[in-house]
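User: Please take a close look at one part of this structure and explain, step by step, what surrounds it. A connected account suitable for a first-year student would be appreciated.

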Amino acid sequence: MGEIDDAIERADQESFTRRPPKTLKGQINFLVRQLKTTRAVAAELGVSQRSVERYRTGERRHPPQAIQQRIDAAVRSRWQPQVRRRRRAEAASRRGITVETRARFGYTAPVGTTDDGRFRRLTVHLPPAYAQQLFDAREAGATDQQLRQIIADGFRTTYFQDGGARAMGLSDVAINDIDYIDFDY
C-alpha cells in the first residue's frame with residue numbers, strides 16, 4: 001500500500017460508528033464469523049489452525065507482535081463495511097472530500113512565471129467528482145502515482161486555478177515528496 005491508500009484507510013477507520021473488538025478472543029471470534037472457518041482465518045493470518053483455535057478459546061492470550069498486527073489489520077479491514085460504503089457514496093455524490101497535506105508541488109506554467117516546486121501545506125475541499133475518481137481508481141487497483149495525479153488534478157482546478165478564476169495557463173500540477181497526507185469525507 002502507498003501513502004494515499006494508507007490515508008484513505010485511516011479516513012475509513014475514522015468513520016466507524018462503533019469501535020472494533022479490542023480483545024484477542026473478540027477479534028478472532030469476529031474473524032471466524034466473517035470468514036466462516038478457523039482454517040480460513042489461519043490462512044488469512046499466516047498461522048496454524050490450531051493457533052487460531054487456541055486464541056479463540058483463550059488458551060493462548062498473547063500472540064507475537066507481528067501476528068497481533070496482522071489480526072488488528074484483518075479486523076479493521078472487515079469492520080463495518082456498510083458504514084464505509086455509505087460514507088464513500090455520500091462523498092462521491094454530494095459532499096466531496098477534504099485533503100490536508102504538506103507536499104512539494106511542481107507545475108508547468110507559461111514562460112515568464114516560476115515553475116519551481118516548493119513545499120506547501122494545503123487543506124483543500126475537492127468536489128464530489130474527484131472523490132468518485134479517487135475511489136474508483138483505488139478499487140481498480142491504481143498505483144500510488146495514479147492516485148496522486150487525481151489529487152493533483154483536483155488541486156489544480158480547485159486551489160491553483162480557483163475554479164477558473166485565475167492561473168488559466170497552469171497546465172499540469174504534480175505532487176512530489178509528500179510529508180503527510182490526510183483525508184476527511
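Analyst: Lys36 lies in the loop between helix H2 and helix H3 (38-45), and this loop is a convenient place to begin. The model is a predicted one. Most residues other than glycine have a negative phi. Lys36, although not a glycine, has a positive phi of about 80°. Is Lys36 buried or exposed? Its relative accessible area is 66%, and the cut-off for an exposed residue is over 50%, so Lys36 counts as exposed.

The next step is helix H2 itself, which covers residues 24-35. Two packed helices are described by the angle between their axes and the distance between the axes. Helix H2 packs with helix H4 (residues 49-57) at an angle of about 125°, and their axes are 7 Å apart. The two helices, H2 and H4, are therefore oblique to each other. Their crossing is left-handed. On the side of H2, the contact is made by Leu24, Lys25, Ile28, Asn29 and Val32; on the side of H4, by Val52, Tyr55, Arg56 and Thr57. Sorted by class, this contact of H2 with H4 has 5 nonpolar, 2 polar and 2 charged residues.

Helix H2 also takes part in an aromatic pair. A search of the whole structure finds 2 such pairs. One of them joins Phe30 and Trp79. A pair of aromatic rings is described by the distance of the centres and the angle of the planes. For Phe30 and Trp79, the centres are 5.1 Å apart and the planes are at 65°. The cut-off for an edge-to-face pair is over 60 degrees, so Phe30 and Trp79 are classed as edge-to-face. The pair links distant parts of the chain: Phe30 is in helix H2, Trp79 is in the loop between helix H5 (65-78) and helix H6 (81-95), and the two are 49 residues apart. Both Phe30 and Trp79 are buried.

The loop that holds Trp79 deserves a final remark. Gln80 is also placed in the loop between H5 and H6. Gln80 is not a glycine, yet its phi is positive, at about 50°. Which class of exposure does Gln80 have? At 10% relative accessibility, Gln80 is counted as buried, since the cut-off for that class is under 20%. Thus two residues with a positive phi have been described: Lys36, which is exposed, and Gln80, which is buried.

Key:
Residues numbered from 1 in each chain as written. Predicted model: local features only at pLDDT ≥ 70, side-chain atom pairs only at ≥ 80, totals over all residues. Heavy atoms only, no water. Axes fitted to C-alpha atoms, helices over the stretch in contact; angles between N-to-C directions. Helix = DSSP H or I, 4+ residues; strand = E, 2+ residues; numbered from the N terminus. Parallel < 35°, antiparallel > 145°, perpendicular 65-115°, else oblique. Left-handed = near helix turned anticlockwise from the far one by under 90°. Contact = heavy atoms within 4.5 Å. Nonpolar A, V, L, I, M, F, W, Y, C, P; charged D, E, K, R; others polar. Phe/Tyr/Trp six-rings, centres within 6.5 Å; stacked < 30°, edge-to-face > 60°. Buried < 20%, exposed > 50% of the residue type's maximum accessible area, 1.4 Å probe, protein only.
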